[in-house]
Amino acid sequence: MHKPALLSGQQRKATSECERRMGASSPMTIGVLALQGDFDAHRRRLEELGAAVVLVRKPGQLDEIDALVIPGGESSAFLKLLGEDGLGKLNDFVRSKPTFGTCAGAIVLARRVENPHQSGLSAIDMTIRRNAYGRQIDSLILESVSALGGDPLEMVFIRAPRIESVGTGVKVLATRDDHPVWVRQGRVMAATFHPELSSDPRVHAEFLKLASNGED
Ligand code: GLN
């Protein structure tokens with residue numbers, strides 16, 4: 001199996017712990033929404049962690065997966081490409097199965113979307129503001145402590161949205177300038193950065209843990 005290079009002790013531990021879990025239980029299939037955006041980097045990372053991955057291009061494929069990653073890209077394009085039927089199916093999915101949205105994916109999962117307003121699936125009780133840190137050129141890599149403890153987490157921000165507020169049911173797992181950047185509500189997780197572009201596999205490992213625990 002291909003392994004990410006240059007991992008710290010903690011990062012290697014997350015990888016092997018994940019492989020152990022994935023091997024121990026009945027195999028889980030993780031879908032990555034592959035309509036647009038950087039879905040392939042998520043696929044590679046999840047496979048490195050031992051998951052079986054399906055690229056989801058048709059709403060019907062949501063019936064065949066145990067958990068879903070909604071990647072970064074352009075959230076307004078996702079809404080258009082999904083159409084009414086796809087959004088309806090995705091809406092049902094996020095209410096019943098573990099889902100992880102990154103960047104544009106986080107926007108799709110939010111209750112309230114600003115700048116400009118667009119509809120969200122209300123899977124996470126948060127208000128999120130699109131492109132809140134400036135344009136593409138202002139993209140940024142930061143390191144910060146997170147709920148994982150241990151090594152700081154590398155966070156890659158690209159035309160990132162900002163989480164302006166969260167409801168009481170939302171756990172904040174990492175912040176940037178006092179704004180949440182990684183959150184979880186029940187089985188649904190969201191990050192405004194791109195963990196698939198960092199060499200640190202721990203965020204995806206957390207999602208696979210959530211997917212196999214079915215935590216609520
Ligand atoms: N700016 C994009 C949006 O509003 C998100 C950017 C990203 O996913 N990297 O949907």
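1. Asparagine 131 sits in the loop that runs between β6 and β7 (140–144). In this predicted model, asparagine 131 has a positive phi of about 45 degrees, although it is not a glycine. Most residues other than glycine have a negative phi. Asn131 is also one of the residues that surround the ligand, so the backbone here may be worth a look on two counts.2. The ligand shell takes in Gly72, Gly73, Glu74 and Ser75, together with Cys103, Ala104 and Ile107. Arg130 and Asn131 belong to the shell too, as do Ile158, Arg159 and Pro161. By class, the shell residues divide into five nonpolar, four polar and three charged.

3. The second backbone feature concerns proline 116, which lies in the loop between β5 and β6. The peptide bond joining asparagine 115 to proline 116 is cis, with omega about -10 degrees. Most peptide bonds are trans.

4. The strands on either side of that loop, β5 and β6, belong to an open sheet of three strands. Its order is β5-β6-β9 and its pairing is mixed. β5 (110–114) and β9 (162–166) are the edge strands, each pairing on one side only. From one strand to the next, the twist averages 25 degrees.

5. Within this sheet, β6 (residues 124–129) pairs with β9 in the antiparallel sense, over four bridges. Threonine 127 has serine 165 of β9 opposite.

6. Another open sheet is formed by seven strands, again with mixed pairing. Their order is β2-β1-β3-β4-β12-β11-β10. The edges are β2 and β10 (171–176), and each of these pairs on one side only. Neighbouring strands of the sheet are turned by 20 degrees against each other on average, direction ignored.

7. At the β2 end of the seven-stranded order, strand β1 (residues 29–33) runs parallel to strand β2 (residues 52–56), and five bridges join them. Leucine 33 stands opposite valine 56 in β2. Between these strands the chain passes through helix α2 (residues 39–48), in a right-handed β-α-β crossover.

8. At the β10 end of that order, β10 pairs with strand β11 (residues 179–185) in the antiparallel sense, over five bridges. Here lysine 171 is placed opposite arginine 184 in β11.

9. Helix α5 (residues 202–213) lies across four strands of the seven-stranded sheet, namely β1, β3 (67–70), β4 (99–102) and β12 (188–191). Relative to β12, helix α5 runs at about 170 degrees.

10. On confidence, the mean pLDDT of the protein is 90, and 87% of its residues reach 70 or more. Residues 1–5 have pLDDT below 50. Beyond near neighbours in sequence, the stretch 1–5 has seven contacts in the model.

Key:
Residues are numbered from 1 along each chain as its sequence is written. This is a predicted model: local features need pLDDT of at least 70, side-chain atom pairs count only at pLDDT 80 or more; totals for chains, interfaces and linings use all residues. A residue is near a molecule or strand if its C-beta atom, placed from the backbone, lies within 6 Å of it. Ala, Val, Leu, Ile, Met, Phe, Trp, Tyr, Cys and Pro count as nonpolar, Asp, Glu, Lys and Arg as charged, and the others, Gly among them, as polar. Two strands pair if DSSP finds at least two bridges between them. Helices (H or I, at least four residues) and strands (E, at least two) are DSSP runs, numbered from the N terminus. Axes are lines fitted to C-alpha atoms, for helices over the stretch in contact, and angles run from 0 to 180 degrees between N-to-C directions. A crossover is right-handed if, with the strands pointing away from the viewer, the path from the first strand over the helix to the second runs clockwise. pLDDT is the predictor's confidence in each residue, from 0 to 100. Two residues are in contact if their C-beta atoms, placed from the backbone, lie within 7 Å.
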